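Okay, thanks everyone, let me put this one up on the screen. I'll go from the outside in and then come back out.

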Amino acid sequence: MPSYESGQYSLGYVDPSDVSNKELKGMMDWFYQSNYPINAVQWMQGSIDKRFKVGDQQLFNQFYGNQGQTSQKYFFNLILRHINMVAGFQRKNRKSTVTIPIHENDDPLSDDFNAVLRWCDDRSGFQEYLSQAFEGACDTGETLLHLYPDFTFDPVSGDLFSDSVSYNNYLIDQYTRKQDLSDCNGIWRRRWVSKEVAKLLLPGYSSEIDKMNPGGMKDGRFPMQAELQNVAISNLFTFDEFYYRTTRPGKIILDPMTGEATEWNEDETAEDDEFDRVMAMQPWLQVKETQIPTVKMVITLSGKTVYNGKNLLNIDEYPFVPTQCYVNQDIPNYAWRKFGIVRNLRDAQFLYNMRKVIELQIMQSSLNAGWIYPVDAVTDPKCFRQSSGGDGFLIPLKSGRLPSEIQRIEPVNIPQSLIELSNILAEDITKISGINEELLGSATDDKSGILSMLRQGAGLVTLQTLFDKLDYTQRLFGKITLQAIRKNFSKGKVRNILGHDADQRFWTSHSQKYAFTVEEGNYSASQRQMELQQLMTFKEMGIAIADKSILRAAFITNKRQVIADMEEQQQQQQQQAQAESAQKEKLDNAKILSLMSQSKVNDAKQTDVMASAAERMAKIDELHASAEHKSSQADLDMIKAIIELEELDLQNLKNNLELAQYIKILNKQSEAIAEQAI
């Protein structure tokens with residue numbers, strides 16, 4: 001009978017006597033057998049890709065046998081620098097996982113998540129494992145990023161650590177299409193551990209492990225693992241983690257008033273009747289019981305089922321995120337569904353090596369192509385096999401024989417086209433990989449800097465697919481990390497990380513759905529350095545960022561003294577500015593008084609000028625009045641003269657009128673001359 005009630009297996013471990021364990025074992029066996037064919041092809045092709053990348057000289061013998069020219073184990077590796085360029089570019093341009101608030105009031109919550117995320121990344125070395133996973137994907141097509149808890153130094157909450165799982169250490173559902181693994185039915189990972197490590201991985205199971213003996217490889221599974229080449233493998237256990245997708249019962253709370261729906265999260269620290277009290281306080285809420293998709297795991301040690309239950313992160317997602325290079329799930333050929341950069345470079349690399357071997361053989365044969373000689377002409381035929389080494393070699397002849405009796409075979413000249421063909425093959429590797437000479441830093445043509453930058457940009461466009469997939473991988477990994485933090489970290493641990501109490505929404509699943517999104521940001525060594533970069537960027541943009549805020553985020557030795565000196569200097573500058581301001585105020589007042597005096601003088605001068613002008617205008621008016629008086633008097637005298645001449649005849653009258661008009665004109669001319677004289 002199973003002994004779960006005794007408490008021996010209360011941590012989730014299964015009872016070996018439980019008959020349901022056979023069902024778990026059968027499920028794992030069926031999963032392995034149904035998904036082994038496609039994974040085996042990927043393992044084989046990935047192994048060949050890795051060997052081409054590292055420059056394994058045994059590849060020639062494996063493909064063509066130990067015969068003729070292929071028996072010379074030379075490998076002129078051109079693939080490695082292409083992979084190093086892509087992986088090096090990623091390492092040089094690393095990004096940090098950050099949360100971006102959706103609403104303005106979500107900034108404090110986003111800051112708390114960013115700080116805890118950064119603490120986890122720094123503690124686990126996430127950036128290094130991400131780079132390893134990306135390089136592995138460039139080699140073979142796919143590598144898994146693994147997130148797992150470690151309770152060594154924190155038995156309560158545990159610490160979250162990252163790991164990179166190579167292509168030959170896991171078996172994945174062959175029908176998986178989505179990179180977020182939402183349609184993946186299972187993942188099986190195998191590790192090899194010693195008895196001591198097994199006890200650390202399975203706390204509370206030490207007594208059972210002591211009864212077991214490591215037997216090494218017995219089931220013949222995962223045949224491409226590197227550990228299988230270890231002669232001491234008999235001292236290790238196979239530690240298998242099988243993750244499978246299933247469902248769990250859950251409660252969805254519906255609010256008919258707002259149309260909002262959220263899952264009720266059970267809190268182990270809360271009271272048992274918390275749910276009933278919440279429903280009593282809000283009776284309009286509706287509860288819907290449903291089956292929620294989740295991921296559980298089975299752990300086996302040397303084929304013995306040990307654990308079955310929630311995955312160690314206590315989340316409903318796989319603790320894995322694939323890092324992929326090129327994926328084409330609709331291709332029937334298994335070998336080409338997932339592949340890396342190396343896969344398309346293998347043929348060109350092999351032909352280049354073979355061509356180089358031929359060139360070397362021709363060069364070696366040119367030193368001593370061979371001889372034609374009578375059988376009994378020389379004392380020892382082995383002398384013809386001597387290598388000159390630059391000093392010549394000896395050919396002893398028998399007595400009575402002449403040197404003309406032996407004839408040297410002239411070596412074949414190396415055609416220039418042969419060397420040119422090797423150069424073409426080397427260029428083909430660069431073209432196939434999509435990496436131009438500018439990206440490799442080996443361009444020799446004389447081009448301008450602008451053109452070189454354009455070429456680099458064009459080369460990066462051909463690789464943009466890889467970097468976009470890596471960004472998506474990082475975002476997915478950040479999401480499951482946030483879920484694991486919310487499910488596992490205690491409030492006290494989060495308070496110690498932040499230095500203050502976290503936002504109340506930190507622990508709700510609702511906030512992770514509606515409050516923020518996970519993105520990639522500029523990478524820096526720590527959260528404060530990222531803050532420093534952001535502050536400097538805003539200051540360069542012209543935003544008024546205080547110097548003290550920048551110093552607070554900067555890493556400076558003896559920062560307090562630097563801030564104190566800065567404040568003292570600011571006070572001195574402020575005092576000096578106040579003194580300069582007072583002196584300037586006095587000068588301004590003196591200038592104002594001087595200007596006022598000058599203004600009064602100018603007003604007096606203006607008044608004098610205006611009086612003089614008025615006097616002149618009065619004189620002009622007097623002259624005009626006198627002239628008008630004279631003109632009127634002249635007209636009056638003319639009229640009197642006309643009256644006196646009434647008795648004269650008309651002809652005399654006409655003449656008198658003309659005379660009077662003429663006199664009037666003369667008078668006006670005289671007045672004009674007088675005015676000009678004035």
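So, how much area does the protein expose, and what share of it do carbon and sulfur atoms supply? About 40200 Å², with 54% coming from carbon and sulfur; that's Shrake-Rupley with a 1.4 Å probe, and for residues only the protein chains shown count as cover.

Quick caveats: this is a predicted model, so local features need pLDDT of at least 70 and side-chain atom pairs count only at 80 or more, while totals for chains, interfaces and linings use all residues. Numbering runs from 1 along each chain as its sequence is written, and side-chain values use heavy atoms, with hydrogens and water left out.

Overall we've got 19 helices and 15 strands, taken as DSSP runs (H or I, at least four residues; E, at least two) numbered from the N terminus. Of 678 residues, 36% are buried, meaning under 20% relative accessible area, where exposed is over 50% and partly exposed is in between.

Now the inside. The largest nonpolar core (buried Ala, Val, Leu, Ile, Met, Phe, Trp, Tyr and Cys joined through side-chain atoms within 4.5 Å) has 54 residues, and Val 86, Val 116 and Phe 506 have the most contacts inside it. Helix α13, residues 464-488, gives the most to this core, with 9 residues. A second, separate core has 25 residues, including Leu 144 and Met 297.

Back outside, Leu 659 sits in helix α19, residues 650-677, and is partly exposed at 48% relative accessible area.

Terms used
Buried means under 20% relative accessible area, exposed over 50%, partly exposed in between (1.4 Å probe, protein chains only).
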